[in-house]
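Please write a short report on this structure for a reader new to it. Cover the surface, the interior, the aromatic pairs and the salt bridges.

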Amino acid sequence: MKQPQLGKKILELRLSKGLTQTELAEKCNLSLRTIQRIESTEVTPRSYTLKLIFDTLSFDGFSSSNRSSSVNSKDSFSLKKDVVRNVLLLLIISLISIVIFKLFANYNTQSATEVKEIIQKNQSNIKKWVNKKQVDSVLTIYNDNACILNSVCGKVRIRNVIYDNIDKGYEIINYRILAISVSHTIAVEKYENIYTLKGNTHKQIGIIEWHFINGKWLIVNDMFRDN
């Protein structure tokens, strides 16, 4: 498997495990930047790195594809069929698990509409808390290992960033959710944020990754840029 299919496959496996890029990097003892570059197809990882990531994600396609370079064409074809069969089996198991979950835990299942309403309420509260300088309340919406821009991770560092911005006059004027996509325990939100900082008004465009953790929707990653 080569890039860009390789990066997309790792992204798919990571999301199916409910892991953030930071969590995967920690489990593999790799840098966050390495995971980002692989998933964004900027680089093709070395065999050792690829095996480490696939082992962590419980995916056995690596060993088969790696051996294919040293066997004859007949054996190579057989190995490729094994990989396809394993992937199909994984997909079938995933589909069966989803069906079973919906049948036996339907009362706990939230519709996409309900999830969107929860996220909208959370963002409304965040705006209120930020403007009232209630930073600890804001942090209740973040997962313990949440990241901002993939560089500021953990509630302690996020708290410091928020306080630093508040000291500079940061205030949210208008927060608008542009779109929300929901997939079981993961939701991705695109937003527009108009705020003031040091007396100047700015507009920010960002994407937030939400995960359903211990019965709550929490922010695990916030990526944004000034527009």
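Which residues form a nonpolar patch on the surface? Val84, Leu88, Leu91, Ile92 and Ile96 do, with about 440 Å² of accessible area together. Keep in mind that the model is predicted. Leucine 91, one of the patch residues, sits in helix H6, which covers residues 73-104. Leucine 91 has a relative accessible area of 42%. That makes leucine 91 partly exposed, because the term covers values between 20% and 50%.

**The interior**

Now for the inside. In soluble globular proteins, nonpolar side chains tend to be buried together. Here the largest nonpolar core has 28 residues. Val138, Ile158, Ile162, Trp210 and Ile219 have the most contacts inside this core. Several elements each supply at least two of its residues: helices H7 (112-131), H8 (135-139) and H9 (155-167), together with strands S1 (142-148), S3 (171-183), S4 (186-197), S5 (200-213) and S6 (216-226). H7 gives the most, with five residues. Another core lies apart from this one. That other core has 14 residues, including Leu24, Ile53, Leu57 and Phe59.

Take valine 138 as an example. Which residues does valine 138 contact, leaving aside neighbours within four places in sequence? The partners are Ile126, Trp129, Val130 and Ile162.

**Aromatic pairs**

The structure has four aromatic pairs. One joins tyrosine 170 and tyrosine 195, with ring centres 5.2 Å apart and planes at 50°. The pair counts as tilted, because its angle is neither under 30 degrees nor over 60. Tyrosine 170 lies in the loop between H9 and S3, while tyrosine 195 lies in strand S4. The pair therefore ties together parts that are 25 residues apart in sequence. Both rings belong to buried residues: tyrosine 170 has a relative accessible area of 18%, and tyrosine 195 has 6%.

Phenylalanine 212 and tryptophan 217 make another tilted pair. Their ring centres are 5.3 Å apart, and their planes meet at 50°. Phenylalanine 212 is partly exposed at 29% relative accessibility, whereas tryptophan 217 is buried at 4%.

**Salt bridges**

How many salt bridges does the structure hold? The count is 10. Three of them are set out below.

| Positive residue | Negative residue | N to O distance |
|---|---|---|
| Arginine 14 | Glutamate 39 | 2.7 Å |
| Lysine 51 | Aspartate 55 | 2.9 Å |
| Lysine 203 | Glutamate 192 | 3.8 Å |

Start with arginine 14 and glutamate 39. Arginine 14 lies in helix H1 (residues 5-16) and glutamate 39 in helix H3 (residues 32-39), so the bridge ties together parts that are 25 residues apart in sequence. Arginine 14 is buried, at 4% relative accessible area. Glutamate 39 is buried too, at 10%.

Lysine 51 and aspartate 55 both lie in helix H4 (residues 47-56). They are four residues apart, about one turn of the helix. Lysine 51 is partly exposed at 41% relative accessible area, and aspartate 55 is partly exposed at 45%.

The bridge between lysine 203 and glutamate 192 links two strands, S5 and S4. It therefore ties together parts that are 11 residues apart in sequence. Is each partner buried or exposed? Lysine 203 is partly exposed, with a relative accessible area of 33%. Glutamate 192 is buried, at 10%.

Finally, Arg33, Arg37 and Glu42 are linked in a network of salt bridges.

Notes: Residues numbered from 1 in each chain as written. Predicted model: local features only at pLDDT ≥ 70, side-chain atom pairs only at ≥ 80, totals over all residues. Heavy atoms only, no water. Core = buried A, V, L, I, M, F, W, Y, C linked by side-chain atoms within 4.5 Å. Buried < 20%, exposed > 50% of the residue type's maximum accessible area, 1.4 Å probe, protein only. Contact = heavy atoms within 4.5 Å. Phe/Tyr/Trp six-rings, centres within 6.5 Å; stacked < 30°, edge-to-face > 60°. Patch = residues over 30% accessible without salt bridge, like charges linked within 9 Å, V, L, I, M, F, W, Y side chains within 5 Å. Areas by Shrake-Rupley, 256 points an atom, 1.4 Å probe, with all protein chains shown as cover. Salt bridge = Lys/Arg side-chain N within 4 Å of Asp/Glu carboxyl O.
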